[in-house]
Amino acid sequence: MKITNVTTYVVADRSQNQIGARMDWQWVFLKVETDEGVTGWGEAGASARASGVAMGTAIEHVKEAVIGENPMDIERLWHKLYRRFSYMGSRGFGTSLTAGFDTALWDIKGKVAGMPIYDLLGGRFRDPVRLYCNVWFRGCSTPEQYAEAAQKNLLDEGHDACKLDPFLEMVPFHTMYQDGQISNEGEQLGYDIVAAVRETVGPNHEILIDAHGHYNVPTAIRLANNLYEQSNIGWFEEPVPPESYDALREVREHTAAPICVGERLFTRYDFIPIFRDRLADYIMPDTIWTGGISEVKKIATMAEAYYIPVAPHVVPGGPIELIAAAHVVSSIPNFYRLEHSQFNISTHNEMLKEPYVIKDGALHLNGKPGLGYEPDEEWLLANLHPDWEVASS
Ligand code: MG
């Protein structure tokens, strides 16, 4: 069996964030074709602003590395692609690209075997897949609005865990780092929002806080401890920017709240200090950014040896990322919860031929071979990024 063609689709998201700015998320899908008529789908690098077209272009240049190869050789092809970027940093952009191919090859293997991917990964440890809900607060800016959205989008929908970044003052600087501080008013508003959500959802609902790596060490310690004391948060995520393990250690040593990191750690190698030095209570590898189904399975197994639970990061990924992550966590013992974006469910399902099903706060996979779900190519073609053209084969 040989890979005969790879087609790349870069899709533009036109939605807005909670302060009305264009998200400009871009989703990149790959279709891998074979000489036996079996086709696999993958998703690559959905990170953020303007990277989708760059990623699609890179895939178009790199795809000759896999054309003519046997799609069953997933492990070898992962290394072949990963090592192509060795001299400019294999992690991040390179792993996001590799993940697109990796996922498509798992999809092909599952279809050939007539089995869902979780069966190829060791079999099912659980069904369905427990979720935590993100992006349930569109348009909210006051504690009252958050409380109302929590009732409608979390409780009424059957969720028992959510995530939010309540420090709205930081939203314009999202993913940027300036002085790492927040005003007293912004800090208090954040506390009030979380308290209002806790009041609404009650004591048994998990409230996870995403700090988006916005803070310096003393600010992160103060926010995490206050939120834990006031509202019993389940984790404080990315307290400081991801570059410094030493800063993370400092926060960890002075914080009562559980810590979660990992969406900006790439491959098994970046997770070594986290496990060895016990720098986090939870990890959240992103199935695309860190290198695909193969890599998350490996990271999860490493975490298992330390009894650290895994909660894969998904947002802002597309539907293939969500499904791919669900296959991995279906097969691992040390699973906590899978992220999903409530806001994106409808767009995700427009992209797919068969919609995925979320019920009672859990994702129910359809049990079909491979991923079990495929993008609708007509939809992809109708929603391409304006700067993207699908190459003819
Ligand atoms: Mg995050």
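**Entry 1. Elements and overall form**

For the inventory I take helices (H or I, at least four residues) and strands (E, at least two) as DSSP runs, numbered from the N terminus. On that basis I find 13 helices and twelve strands in the protein. I note at the outset that the model is predicted.

I then looked up the overall dimensions. The C-alpha trace spans about 60 × 40 × 40 Å along its principal axes. The radius of gyration is 20 Å, and a compact globule of 393 residues would have a value near 21 Å, so the two agree. Buried residues account for 49% of the 393 residues. I also checked how far contacts reach along the chain: among those between residues at least 6 apart in sequence, 73% join residues at least 24 apart.

**Entry 2. Two domains and their contact**

I looked up the division of the chain next. Domain 1 takes in 3-115 + 375-382, and domain 2 covers 119-364. I record 24 Å between the C-alpha centres of domain 1 and domain 2. To the contact, domain 1 brings 34 residues and domain 2 brings 29 residues.

Which elements give two or more residues to the side of domain 1 that touches domain 2? I list the strands β2 (26-34) and β3 (39-44), together with the helices α2 (74-83), α3 (93-113) and α13 (377-382). The most comes from α3, with ten residues. By residue class, I count 17 nonpolar, eleven polar and six charged on this side of domain 1.

**Entry 3. The sheet β1-β2-β3**

I followed β2 and β3 into their sheet. The sheet is open, has three strands in the order β1-β2-β3, and pairs them antiparallel. The edges are held by β1 (3-12) and β3; each has a single partner strand, so one side of each is left without a neighbour in the sheet. With direction ignored, neighbouring strands here are turned by 20° against each other on average.

I then went through the pairings. Between β1 and β2, which run antiparallel, there are nine bridges; Ala12 has Gln26 of β2 as its bridge partner. Between β2 and β3, also antiparallel, there are six bridges. Two of the partners in β3 I noted individually: Trp41 for Lys31, and Gly40 for Val32. The hairpin of β2 and β3 has four residues between the strands, and Gly37 takes a positive phi near 80° there.

I looked up what packs on the sheet. Helix α1 (residues 51-62) lies across β1, β2 and β3, and runs at about 20° to β2. Helix α3 lies across β2 and β3, and its angle to β3 is about 155°. I asked whether β2 is enclosed or open to its surroundings. Eight of its nine residues are buried, so β2 is largely enclosed by the rest of the structure.

**Entry 4. Phe335 and the cis peptide bonds**

I turned to Phe335, in the loop between α11 (319-330) and β10 (338-341). With 20 other C-beta atoms within 10 Å, Phe335 is buried, as the criterion is 20 or more. Leaving out residues up to four places away in sequence, I find Phe335 touching Arg126, Pro309, Val310 and Val329. The C-alpha atoms of Phe335 and Asp127 are separated by 12 Å, although these residues lie 208 apart along the chain.

Asp127 led me to a backbone feature: the peptide bond joining Asp127 and Pro128 is cis, with omega about 0°. Pro128 sits in the loop between α4 (117-120) and β4 (129-134). A cis peptide bond also joins Val315 and Pro316, where omega is about 15°. I place Pro316 in the loop between α10 (293-304) and α11.

**Entry 5. Positive phi outside glycine**

Finally, I looked up His212 and Glu238. His212 is not a glycine, yet its phi is positive, at about 55°. I locate His212 in the loop between β6 (206-210) and α7 (217-231). His212 is buried, with 21 other C-beta atoms within 10 Å.

Glu238 also has a positive phi without being glycine, with a value near 45°. Its loop runs between β7 (235-237) and α8 (245-253). Is Glu238 buried or exposed? I enter Glu238 as buried, with 25 C-beta neighbours inside 10 Å.

Note on methods
Residues are numbered from 1 along each chain as its sequence is written. This is a predicted model: local features need pLDDT of at least 70, side-chain atom pairs count only at pLDDT 80 or more; totals for chains, interfaces and linings use all residues. Domain bounds come from an automatic or database domain assignment. Two residues are in contact if their C-beta atoms, placed from the backbone, lie within 7 Å. Ala, Val, Leu, Ile, Met, Phe, Trp, Tyr, Cys and Pro count as nonpolar, Asp, Glu, Lys and Arg as charged, and the others, Gly among them, as polar. The radius of gyration is taken over C-alpha atoms; the globule rule is 2.2 Å times the number of residues to the power 0.38. A residue is buried if 20 or more other C-beta atoms lie within 10 Å of its own, exposed if 12 or fewer, and partly exposed in between; C-beta atoms are placed from the backbone. Two strands pair if DSSP finds at least two bridges between them. Axes are lines fitted to C-alpha atoms, for helices over the stretch in contact, and angles run from 0 to 180 degrees between N-to-C directions.
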